Amino acid sequence: WWFWDPVENASLLPWLTSTALLHSLGVAKGKQQLLKWSLSLAFITFCLSILGTFIVRSGVLTSVHAFAVDPTKGIALLLILVLVLVSSFSLLIIREESFESSPITSFASKSFLSLVAVLIFVLATTVVVFGTFYPMIFELLGLGNISVGAPYFNLLIAPLALLALGVIGLASLLSVKPQATKGVILLLAVLSLALGYVCYSWQVEQVQRQVMVLMTWSLAFWVLLTHVYGLAVTRSSKFQRKVWVMTFAHVGIAVLAIGAAMNSYHSFERSYKLSPGTQVEFMGWTLSHRDTELYVASNFTAEKAILKLETGEQSFSITPERRHYQVRVMNMSEPAMKWFWHGDVYITMGEKIDSAAYAFRVQYKAYARWIWFGGLFSIIGALLSLTHRKKKTDKAAQYAYQRS
């Protein structure tokens, strides 16, 4: 789930490959597998970081986030990129006999699922690279101008995201085998489908339901249930911090996926003309305009609308503003927001239409906070892994000190 701005994509690319690197390293360090994958991903991640700097600084791509246009810096960064890319992979090819990986002997293994995860990330990286740089190459070849927007990225990335959620759930079950029998897996899969259907149907009417969102809900529950089962099995034997790390990180991705899917398919925007004493209805809510106040601040004058948002037995006061800054002779809108567990309502006060009425834009961003909470869960998992590593380092240092 992304805005797909070219410069923002430049920061997404190394994130994709570095996440793939983390998963391949988990196998490479323990079972000496996917060694060449790990080395290649490390080189590519660093090269993509340089490429992102090149995009931002050289001005080859047009974006509001490209804050510098300097061909000299662009050429220097491009030379550094070529030097690092050629030298690193040349060294890998020359020394490839020193990095022989152990073969993957079973499909039902952590190693194979790690390889699948790596391939998903690599394929997603390829999709983003092609969509980001194709318009630039198309123009450099003199073939005209073309733009690649969100529909292309969403169409190709969404299936990969669903596949990733399925693999995440299987990874948790494989980490606790042989307890996870075929019967347990089937039971968790059926329960995930049922919970996903019930939760989605409870919120959305039949005519508005989307298959992709329903699949996201079911696969998100699949991730949640498999990881809860993994925690229960692990707890019965011994405490393992790495299981909690994986659980927080993966459940965070599942929560983020629900937020992204609901936000993409079930957000909306409406424009209304409201004057004091009038009201409109949307999504079963009633928005009424009570009054308009004028006030003077230190560096601006403002018109503030007193709105009331009513939903069932609850009532909320919302006060968007329209401000005029005298120094810069500039009009700006100050949106008002009311958040709920299922989404955020933004109301923006627009131009004055007649003596008393104003134009208002009402936006509903479904599940926006779920995206942030999902990211927060993943961050907690990362912090847990860092604290664990620090304790091990401290113990090793203490042991070395005692021996000396």
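Between which two helices is Gln-32 found? In this predicted model, Gln-32 belongs to the loop that links α1 (6-31) and α2 (35-58). Its relative accessible area is 40%, so Gln-32 is classed as partly exposed. When residues up to four places away in sequence are set aside, Gln-32 touches Val-27, Ser-101 and Ser-102. Gln-32 and Ser-58 are separated by 26 residues in sequence, and their C-alpha atoms are 40 Å apart in space.

Leu-34 also lies in the loop between α1 and α2. Leu-34 is not a glycine, although its phi is positive, at about 60°. The relative accessibility of Leu-34 is 8%, and the residue therefore counts as buried, the cut-off for this class being under 20%.

The protein as a whole contains nine helices and 10 strands. Its C-alpha atoms fill a box of roughly 80 × 60 × 55 Å along the principal axes. Of the 404 residues in the protein, 40% are buried. Where contacts join residues at least 6 apart in sequence, 61% of them are between residues at least 24 apart.

Several of the strands are arranged in an open sheet of four, in the order β1-β10-β9-β8, with antiparallel pairing. The edges of this sheet are formed by β1 (268-274) and β8 (336-340), each of which pairs on one side only. From one strand to the next, the twist averages 20°. Within the sheet, β9 (residues 343-352) and β10 (residues 358-366) are joined in the antiparallel sense by eight bridges. Thr-348 has Arg-361 of β10 as its bridge partner. Helix α8 (residues 241-266) lies across β1 and β10, and its direction makes an angle of about 145° with that of β10.

A further series of antiparallel pairings begins with β2 (residues 279-282) and β3 (residues 285-296), which are connected by four bridges. Across this pairing, Glu-281 stands opposite Thr-286 of β3. The hairpin of β2 and β3 has two residues between its strands. Met-283 lies in this loop between β2 and β3. The phi of Met-283 is near 50°, a positive value in a residue other than glycine. With a relative accessible area of 43%, Met-283 is partly exposed.

Strand β3 also pairs with β4 (residues 301-311), again in the antiparallel sense, over 10 bridges. Here Thr-286 has Glu-310 of β4 as its bridge partner. Thr-286 thus takes part in both pairings, since it faces Glu-281 and is bridged to Glu-310. The connection from β3 to β4 is a hairpin of four residues.

Strand β4 in turn pairs with β6 in the antiparallel sense over four bridges, and Ala-302 stands opposite Arg-323 of β6. Is β6 enclosed by the rest of the structure, or open to its surroundings? Strand β6 (residues 321-325) has four buried residues out of five, so it is largely enclosed by the rest of the structure. On the pairing with β7 (residues 330-334), five bridges join the two strands, which run antiparallel. One of the partnerships is that of His-324 with Asn-331 in β7. A hairpin with four residues between the strands is formed by β6 and β7, and Val-329 in its turn has a positive phi of about 50°.

The pockets of the model were also examined. The second largest pocket has a volume of about 500 Å³. It is lined by 19 residues, of which Gln-203, Gln-208, His-266, Met-283 and Tyr-364 are the closest to its centre. At least two lining residues are supplied by each of α6 (182-203), α8, β1 and β10. The greatest contribution is that of α8, with three residues. By class, the lining comprises 11 nonpolar, six polar and two charged residues.

Two of the elements named above recur in this pocket. Helix α8, which lies across β1 and β10, contributes to the lining together with those two strands. Met-283, from the loop between β2 and β3, is among the residues closest to the pocket centre.

Notes. Residues numbered from 1 in each chain as written. Predicted model: local features only at pLDDT ≥ 70, side-chain atom pairs only at ≥ 80, totals over all residues. Heavy atoms only, no water. Pairing = 2+ DSSP bridges. Axes fitted to C-alpha atoms, helices over the stretch in contact; angles between N-to-C directions. Contact = heavy atoms within 4.5 Å. 1 Å grid on protein atoms, 1.4 Å probe; cavity = no way out; pocket = protein on both sides within 12 Å on 5 of 7 lines; lining within 4 Å. Points joined across faces, edges and corners; volume = space filled by probe spheres on them. Nonpolar A, V, L, I, M, F, W, Y, C, P; charged D, E, K, R; others polar. Buried < 20%, exposed > 50% of the residue type's maximum accessible area, 1.4 Å probe, protein only.
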